[in-house]
Amino acid sequence: MVYVGSVGTGFSDKEAFALRKVLNEIATDKPAVALKRKGVIFTEAVLVAEVQYRAWTHEGKLRHPSFKGLRAKADEADVYEVDADG
């Protein structure tokens, strides 16, 4: 896994509270990626989120990411590496 940025938009207050409840249940002290940030709560990497974004930055991060929802476990969504250089 590689950290590619944070998502801070795309959900209502109600959805944010519901998501926080889900994330609290899978919180861990051991991050899934090499990342050191203050005030961050890490979770086990067991969920798949759908995120829309505009482009990749030169640093390999998502530009303007927006949360679209959690994927259902039953849909067996593929997770794969995307080449940020195109």
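## Valine 46 and the nonpolar surface patch

V46 has a relative accessibility of 47% and therefore counts as partly exposed, in a model that is predicted. This valine lies in the loop that links β2 (42–43) to β3 (49–52).

V46 also belongs to a nonpolar patch on the surface, together with V22, L47 and L70. The accessible area of these four residues together is about 290 Å².

## Backbone geometry at histidine 64

H64 occupies the loop between β5 (62–63) and β6 (66–70). With a relative accessible area of 57%, H64 is exposed, because the cut-off for that class is over 50%.

The phi angle of H64 is near 55 degrees, a positive value in a residue that is not glycine. Most residues other than glycine have a negative phi.

## Overall architecture

The protein chain contains one helix and six strands. In sequence order, these elements follow the pattern α-β-β-β-β-β-β, with the helix preceding the strands.

Contacts in the protein chain can be considered by the sequence separation of the residues they join. Of the contacts between residues at least 6 apart in sequence, 42% connect residues at least 24 apart.

## Burial and accessible surface

The protein chain has 86 residues, of which 12% are buried. About 7400 Å² of the protein chain is exposed, and carbon and sulfur atoms account for 50% of that area.

Key
Residues numbered from 1 in each chain as written. Predicted model: local features only at pLDDT ≥ 70, side-chain atom pairs only at ≥ 80, totals over all residues. Heavy atoms only, no water. Patch = residues over 30% accessible without salt bridge, like charges linked within 9 Å, V, L, I, M, F, W, Y side chains within 5 Å. Areas by Shrake-Rupley, 256 points an atom, 1.4 Å probe, with all protein chains shown as cover. Salt bridge = Lys/Arg side-chain N within 4 Å of Asp/Glu carboxyl O. Helix = DSSP H or I, 4+ residues; strand = E, 2+ residues; numbered from the N terminus. Buried < 20%, exposed > 50% of the residue type's maximum accessible area, 1.4 Å probe, protein only. Contact = heavy atoms within 4.5 Å.
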